[in-house]
Amino acid sequence: MTSPTDTALAPPDAPADSASASASAEGEEGAAQPFGLGSSPLRTDALPKALGIYPFAADLWAEGLLWGAVLRSPHPHARIVAIDTAAALAIPGVHAVVTAADLPNPGEGDAGAPGPGTDRPVLAAGVVRHHGEPIAAVAADHPDTARLAAASIVVEYELMEALTDPEQAFNAPPLHPDGNLFRHLPLRSGDPEVVGEVIVEGLYQVGRQDPAPIGAEAGLAVPRPDGGVELHLSSTDPHGDRERTAACLGLERDRVRLVVTGVPGATADREDLSFQVTLALLALRTGRPVKMTLTREESFQAHATRHPALLRYRHHADAQGKLVKVEAQILLDGGAYADVSSEALAAATAFSVGPYICPNVFVDAWAVRTNNPPAGRMRGEGALQTCFAYESQLDQLAARIGVEPLEIRRRNVLATGDAMPTGQAVTCPAPVAALLDAVAASPLPALPVDEPDTDWLLPGGPGGAGDPAAVRRGIGYAVGMVHMLGAEGEDEVSTATVRVSGDHATVICAAVDSGQGFATLARQIVQSVLGVSEVYVAPVDSDQTIAGPSARGRHTWVSGGAVERAALMVRHQLLQPIAANFGMSVELLSIADGKITSYDGVLGMPVTEALEGKELWATAQCRPHPTEPLDEAGQGDAFVSIAFCAMRAVVDVDIELGAVRVVDVTVAQDVGRALNPGQIEDRIEAGVAQGVGLALLEDLRTSGGLLVNPSLTGYRLPTALDTPEVRIAALLEERDVVATFGAKAVSAVPAVVAPAAIAAAVRAATGLPVGRLPIQPEDAVVA
């Protein structure tokens, strides 16, 4: 049998990013390469990915391999009367068929068998609650046989009325024993009787954006001799997935091992609980390795989406445009199961006013259950929806009092030391005014009249049907904020080990690099602290100590902090005997450019010489300061830290066809400290591209609860022609003193702000209100 571990993690010609070896100080031709924090070394997985030889879970193979397939519900809401698997089992090559009844704890009644900490069943038992919910799984000796067998399972359904309108969820019959309301979160701050001299109101809608990972869900389960199972998945939370899988299978957690394969991009949660558990269950049932790779349609059905939202806002201001009161109602559609709806609602509520000062805020926010696809974690969950609404309100307010959109924002911006509506003081750097100034000072892109010899790309792309005379240019601004790490009392912790032997170091940390570049950052940290150029980052598996999920930019802070602390402990071990020999304290020695030097210049020794014959190691943890849940009035210190971003979007709109082209996006971002400027710029560009998708293209549509466009043909993603030039006006480096290296997360906030900025630009070009995302052609047609 070919070891799936070897196949997944370190093939000779394509090292996985987490297993990729050294970042040598010398390139192939002897040129010096970037080294340590503040530099921008090339990601070691960049070339294998560009060449198409980087190994992902879909590439795994094992001797005696069987293939898995899942039967999914064709209905959004139905009672399961009976399941007949006889026809599937009769097909030659079929080795097993499993349903909820085969789980150690099949559950009771309509709730099915939910995993720990969730209301979502692994396999539906009494009731299906959304289109595509898994009901049964098959293992066979060929993928086509497995799919044929899954399609041969006969399920008798009793159809039930689907609840698809979240506004009806409050009075509709409960869809689940836990009811239809996931959470109601009121926010009360200030005097409710205050009325502004100027009042603007708006109703806003945000559609269902899918993470649409280019690599669909895939995995391999291998039974172990001790009765356990080893899972090879592109997991972003290996320990959490192991805990949940073991609990669902009735196994002790040390009998479940999860090995992280290459992650083909993750701007949201990856494989859901059902995928992992059914894969493992099939391997245990058959006693053979089982591989499962979802089709694109199944992928759309299986993973969670962004929360669709309905937002009603009323802003009160004085005659100069200073905010005096904000009232809002926020409704998030969580779909069939709770997942992270409570967390998303907390962010939406706390950031409902945005990075602005307002003394009186009154918000009611709800997350509800429907028979729509489940919503879950996706970049900037909760914060994105409200950013679109409050920025639209500020544009409306600016127009009402007759000032520029930039000016209305400058008059209300939040700063360090100010209080949020939740009562939490903003203790981290909040350079919102400086961010606005940076984008405002950046030059605007040229107009066609300025460059008459340039081929101008009109809205609609090359060969578009539009009339150039109908094209109008618009400029829009937006500012937004996101929280970093977990919120409302969630315990954040990560552990790392650093080993040094001879001239190289090894980092062992279960932080999954899901595309954010943590493996590269870990190498840079060790290089800076220890002066060692060759740093190996070990592959991630659940046998390592816990590092937590890859979400909310937490690995830069907590896992990077753990790596730094472990490296500093090794540094002390290295320098202590040297300092003792010279009769000085360790603090008087420094490491830079691969050399150990004393404060007086007497000592100068290469790090490699000091390490010769030694093997040093240390393990350390990083745990940020605790937070607390928001109370019944929405008050509390719920967040560890906050990141901010300002954008200017420039669009061309064909006002006859409603076609929109984003010409340019200029970004100024609060990064704390730029640990890897190249990667920061890459993450900003990626966030803008995702924001363009939601603003103009991406909408996973449903009809009566059924998915209408679950394919990359029907679900439109931005291409190279849709993605604008992204210019970085400023990466503001005001260090957050409580954060690791003073750095802030960078990936989520551009995705949060870009849709609002683009909508503002379309609004400026057309003079139309633009109250929904994605913007439809009819929203941009001027009669």
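Here are four short exercises, each with a worked solution, on a predicted model.

**Exercise 1. Aromatic pairs**

Find out how many aromatic pairs the structure holds, and classify the pair formed by Y54 and F56.

*Solution.* Start with the count: there are 6 aromatic pairs in the structure. Next, look at the rings of Y54 and F56, whose centres are 4.9 Å apart and whose planes meet at 55°. Planes under 30 degrees apart count as stacked and those over 60 as edge-to-face, so this pair is tilted. Now check the surroundings of each partner. Y54 has a relative accessible area of 7%, which makes it buried, while F56, at 23%, is partly exposed. Finally, look over the face of Y54: K49 lies there, 4.8 Å from the ring centre.

**Exercise 2. A pair that links two parts of the chain**

Work out which parts of the structure are tied together by the pair of Y356 and Y390.

*Solution.* First comes the geometry: the two rings are edge-to-face, with 6.2 Å from centre to centre and 85° between the planes. Then place each residue. Y356 belongs to the loop between helix 8 (341-350) and strand 15 (361-368), and Y390 belongs to helix 9 (residues 383-401), so their pair ties together parts 34 residues apart in sequence. Last, consider accessibility: Y356 is buried at 2%, and Y390 is buried at 1%.

**Exercise 3. Following helix 13**

Compare the expected span of helix 13 with the distance between its end C-alpha atoms, then say where the helix bends.

*Solution.* Helix 13 covers residues 554-581, which is 28 residues. At 1.5 Å a residue, a span of 40 Å is expected, and the end C-alpha atoms are indeed 40 Å apart, so the two values agree. Now trace the axis: helix 13 bends by about 30° at L575, and the proline P577 follows within four residues. Just past the helix comes G583, with a positive phi near 65°.

**Exercise 4. Strand 24 and its neighbours**

Is strand 24 largely enclosed or open, and which strands pair with it?

*Solution.* Begin with burial. Strand 24 (residues 639-654) has 16 of its 16 residues buried, so the rest of the structure largely encloses it. Then turn to the pairing. Strand 16 (residues 471-487) runs antiparallel to strand 24, with 15 bridges between them; in one of these, V471 is matched with D654. Strand 25 (residues 659-670) is also antiparallel to strand 24, joined by 10 bridges, and A646 has A668 as its bridge partner there. To finish, look at the connection: strands 24 and 25 make a hairpin with 4 residues between them, and G658 in the turn has a positive phi of about 80°.

How values were computed:
Residues numbered from 1 in each chain as written. Predicted model: local features only at pLDDT ≥ 70, side-chain atom pairs only at ≥ 80, totals over all residues. Heavy atoms only, no water. Phe/Tyr/Trp six-rings, centres within 6.5 Å; stacked < 30°, edge-to-face > 60°. Buried < 20%, exposed > 50% of the residue type's maximum accessible area, 1.4 Å probe, protein only. Helix = DSSP H or I, 4+ residues; strand = E, 2+ residues; numbered from the N terminus. Lys NZ or Arg CZ within 6 Å of the ring centre and 35° of its normal. Expected span 1.5 Å × (residues − 1). Bend = angle between axes of the 7 residues up to and from the residue. Pairing = 2+ DSSP bridges.
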